[in-house]
Amino acid sequence: MGDARDDRGLPPPLADSTAYLLTRALRVSARLAHDEFGREPLRFAHYATLCWVEHLGPCSQIELATAMGIDPSDLVTVLQALEAEGALRRSVDEADRRRRILDVTDDGRRWLRRRRERARRYDEALCAGTGDGGAALRAQLGLIARAATTANTQVSSRTRRRDSENPSPAIPG
């Protein structure tokens with residue numbers, strides 16, 4: 001090959017694999033996040049979730065999960081921890097009493113302000129070798145995330161449409 005990828009010591013098929021490189025970068029990111037946030041009850045996942053709730057304003061768990069691009073059940077333990085720490089409030093939606101509305105508390109806002117500086121340091125450490133502070137990397141990752149979100153939305157839409165057009169037959173008893 002003779003290019004810069006040879007310097008990393010990766011086998012060529014892995015050096016050319018976006019999936020492998022993203023996975024490897026994710027492992028580095030997880031280690032750095034643990035170093036920055038790992039000694040406290042609320043970690044980076046809690047920070048990211050609370051940032052989303054602050055951004056959206058009062059919202060349901062389903063609205064939050066949709067905005068974050070994750071399954072609502074994946075939020076349960078994160079939301080419970082945020083609520084237990086007093087950073088998040090879950091209240092009954094008066095329009096639909098089965099639904100809970102999520103909102104950031106005043107303590108949660110104070111916690112976010114303190115954690116933003118730590119998150120900035122974490123981001124700087126993660127992007128230290130990029131030469132541009134990670135700007136190009138964030139732009140590329142944003143494109144990948146948008147493409148993946150669009151693809152997931154299209155697949156989900158096709159699946160819902162297919163399932164509604166072809167309901168499963170009842171299982172004889």
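The chat below walks through a predicted model of one protein chain.

Me: What should I know about this model before I look at residues?
Reply: It is a predicted model, in which local features need pLDDT of at least 70 and side-chain atom pairs count only at pLDDT 80 or more, while totals for chains, interfaces and linings use all residues. Residues are numbered from 1 along each chain as its sequence is written, and side-chain values use heavy atoms, with hydrogens and water left out.

Me: ok, how many helices and strands are in the chain?
Reply: The chain has 7 helices and 3 strands, where helices (H or I, at least four residues) and strands (E, at least two) are DSSP runs numbered from the N terminus. Starting at the N terminus, the elements follow the order α-α-α-β-α-α-β-β-α-α.

Me: And what share of the residues is buried?
Reply: Of the 173 residues in the chain, 24% are buried. Buried means under 20% relative accessible area, exposed means over 50%, and partly exposed lies in between (1.4 Å probe, protein chains only).

Me: Let's take α3, how far does it reach?
Reply: Helix α3 has 13 residues and reaches 18 Å from its first C-alpha to its last, which is close to the 18 Å expected at 1.5 Å a residue; the expected span is 1.5 Å times one less than the number of residues.

Me: Which residues are buried in α3?
Reply: They are His46, Tyr47, Thr49, Leu50 and Val53. Seen down the axis of α3, these buried residues fall within an arc of 165°, so they line one face of the helix, the arc being that of the directions from the helix axis to the C-beta atoms.

Me: How accessible is leucine 50 then?
Reply: Leucine 50 has 0% relative accessibility and therefore counts as buried. Its C-alpha atom is separated by 8.7 Å from that of arginine 109, although the two residues are 59 residues apart along the chain.

Me: And α2, which residues are buried there?
Reply: In α2 the buried residues are Ser29, Ala33, Glu36 and Phe37. They fall within an arc of 65° when seen down the axis of α2, so they too line one face of the helix. Helix α2 has 20 residues and reaches 27 Å from first C-alpha to last, close to the 28 Å expected.

Me: Switching topic, how many aromatic pairs are there?
Reply: The count comes to 3 aromatic pairs, using the rule that rings of Phe, Tyr and Trp (its six-membered ring) pair if their centres lie within 6.5 Å, with planes under 30 degrees apart counted as stacked, over 60 as edge-to-face and the rest as tilted. For phenylalanine 44 and tyrosine 47, the ring centres are 5.6 Å apart and the planes are at 40°, so this pair is tilted.

Me: Where do those two sit, and are they buried or partly exposed?
Reply: Phenylalanine 44 and tyrosine 47 are 3 residues apart in helix α3 (residues 44-56), so about one helical turn separates them. An α-helix has 3.6 residues a turn, so residues three or four places apart point the same way. Phenylalanine 44 is partly exposed at 29% relative accessibility, whereas tyrosine 47 is buried at 10%. Together with Trp111 and Tyr122, Phe44 and Tyr47 form one aromatic cluster.

Me: Now charges, how many salt bridges does the count give?
Reply: It gives 12 salt bridges, each being a side-chain nitrogen of Lys or Arg within 4 Å of a carboxyl oxygen of Asp or Glu. One of them joins glutamate 40 and arginine 115, at 2.8 Å from N to O.

Me: Why is that pair worth a look?
Reply: Glutamate 40 lies in the loop between α2 (18-37) and α3, and arginine 115 lies in helix α6 (residues 106-126), so the pair ties together parts that are 75 residues apart in sequence. Both glutamate 40 and arginine 115 are buried.

Me: Which salt bridge lies within α6?
Reply: One of them is between the side chains of arginine 120 and glutamate 124, at 2.3 Å from N to O, and because these residues are 4 residues apart in helix α6, about one helical turn separates them. Arginine 120 is partly exposed at 36% relative accessibility, and glutamate 124 is partly exposed at 47%.
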